[in-house]
Number of protein chains: 2
Amino acid sequence: MSRSDLARKVCGVSRTIEIVGDAWTLMILRDMFLGARRFDDLRRQTGCSPHLLSRRLKRLEAERIVERRAYSDRPPRHEYRLTERGRDLWPVVIALKNWGDRWLAAPGGAPIELTHRGCGQVTRPRMCCSACGEPMDARASVVSLSPAMARERDAAGHA
Amino acid sequence: MSRSDLARKVCGVSRTIEIVGDAWTLMILRDMFLGARRFDDLRRQTGCSPHLLSRRLKRLEAERIVERRAYSDRPPRHEYRLTERGRDLWPVVIALKNWGDRWLAAPGGAPIELTHRGCGQVTRPRMCCSACGEPMDARASVVSLSPAMARERDAAGHA
């Protein structure tokens, strides 16, 4: 199976991975959440080559995760903004950040600190149950597969 | 900058991305959270070639995300298990799943459903503020950078 076959999987994780499961794409998203909007800023902050960055941004635009907006007519200039769909990838970046902060501790504490506008306190957002609100981890969850997903996995198991 | 330079960044997101920001690695993690432990199962479920899978698993082992355990002496057989460090990547996979479920809706509803052991209810874990417990999204957070991180970004900005 090639990487692009992931796009045709029933599993939404696979299809999401096909779109954003790439180091440069994740770096671009990180930088956009940190406020970068212009091609040159994204290039400098991610360290991505102009060619790769341009390809990644085109893909993100095609997936409606990012949109290009003109901010000057003369000379013609545009910037990149996250769409609602793009902003909804924030938990992915936060989950990566939390893991890095915990397991790859940098000297001098967490490099990026977040404050919650709602309560005004420093926060480290974490996964909580949508039903009861309690924090959740892998051991606290039981997985069940939809019939379509179970068939897909079963078919793979007998391939 | 090459991809491996990400490992030397101050930013924990960059360094985490250098380790797990890869489609096959994320697929392997997804499958391990779904219970896969054996090489052949991982190969079938991810669709990864044996060579690539072997390389990815070696890297995950080197990063202490996965550990190899013998389950038979004759013939010698081993399986792969997530370590605590590995299980702590669960929010990354859940965040990818949530995005896929929301934005790439599959026919027939969410392919994977989670139940919270704690409360017994079907759940869709979401990011909540660690201080006040309320659900949080990108717009609800204010970012501040540590001095080391600000210097790194500043240096890149002037490169």
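Along strand β3 (residues 112-116) of chain A, which side chains point to one face and are buried, and which point to the other and are not? A:I112, A:L114 and A:H116 are the buried ones on one face, while A:E113 and A:T115 point to the other face and are not buried; by buried I mean that 20 or more other C-beta atoms lie within 10 Å of the residue's own, whereas exposed means 12 or fewer and partly exposed means in between, with C-beta atoms placed from the backbone. Strands here are DSSP runs of E of at least two residues, and helices are runs of H or I of at least four, numbered from the N terminus.

Before going further, I should say that this is a predicted model, in which local features need pLDDT of at least 70 and side-chain atom pairs count only at pLDDT 80 or more, while totals for chains, interfaces and linings use all residues. Residues are numbered from 1 along each chain as its sequence is written, and chains are lettered from A and ligands numbered from 1 in the order in which they are written.

Let me begin with chain A as a whole. There are seven helices and six strands in the chain, and from the N terminus on they follow the order α-α-α-α-β-β-α-α-β-β-β-β-α. The C-alpha trace spans about 60 × 40 × 30 Å along its principal axes, and of the 159 residues of chain A, 42% count as buried.

Now back to β3(A), which has partners in both chains. With strand β4 (residues 122-123) of chain A it pairs in the antiparallel sense over two bridges, where pairing requires that DSSP finds at least two bridges between the strands, and A:L114 stands opposite A:T123. The hairpin of β3(A) and β4(A) has five residues between its strands, and there A:G120 takes a positive phi near 80 degrees. With strand β6 (residues 141-145) of chain B, β3(A) pairs antiparallel over five bridges; in that pairing, A:L114 has B:V143 as its bridge partner, and A:I112 has B:L145. The result is an open sheet of three strands in the order β4(A)-β3(A)-β6(B). Because β4 of chain A and β6 of chain B stand at the edges with a single partner strand each, one side of each is left without a neighbour in the sheet.

A further strand pairing joins the chains, since strand β5 (residues 126-128) of chain A and strand β5 (residues 126-128) of chain B run antiparallel and are joined by three bridges. In this pairing A:C128 has B:R126 as its bridge partner. In the loop between β5 and β6 of chain A lies A:A131, which counts as partly exposed because it has 17 C-beta neighbours inside 10 Å. Leaving aside neighbours within four places in sequence, A:A131 is in contact with B:H116, B:C119, B:Q121, B:V122 and B:T123, contact meaning that the two C-beta atoms, placed from the backbone, lie within 7 Å.

What does the contact between the chains look like overall, and how many residues does it take from each? It takes 86 residues from chain A and 86 residues from chain B. On the side of chain A that touches chain B, the largest share, 14 residues, comes from helix α6 (residues 90-103) of chain A.

That helix deserves a closer look. The axes of α6(A) and helix α1 (residues 12-20) of chain B come within 8 Å and cross at roughly 95 degrees, where axes are lines fitted to C-alpha atoms, for helices over the stretch in contact, and angles run from 0 to 180 degrees between N-to-C directions. The two helices are therefore roughly perpendicular to each other. Residues of α6(A), including A:V93, A:L96 and A:W99, meet residues of α1(B), among them B:V13 and B:I17.

In chain A, helix α1 (residues 12-20) is mostly covered, with nine of its nine residues buried. These buried residues pack against α2 and α6 of chain A together with α2 and α6 of chain B.

Finally, the largest nonpolar core has 78 residues, and those with the most contacts inside it are A:V92, A:V93, A:L96, B:V92, B:V93 and B:L96; a nonpolar core is a set of buried Ala, Val, Leu, Ile, Met, Phe, Trp, Tyr and Cys residues joined through C-beta atoms within 7 Å. Not counting residues up to four places away in sequence, A:V92 touches A:V20, B:V92, B:A95, B:L96 and B:W99.

Definitions and conventions:
Angles under 35 degrees count as roughly parallel, over 145 as roughly antiparallel, 65 to 115 as roughly perpendicular and the rest as oblique.
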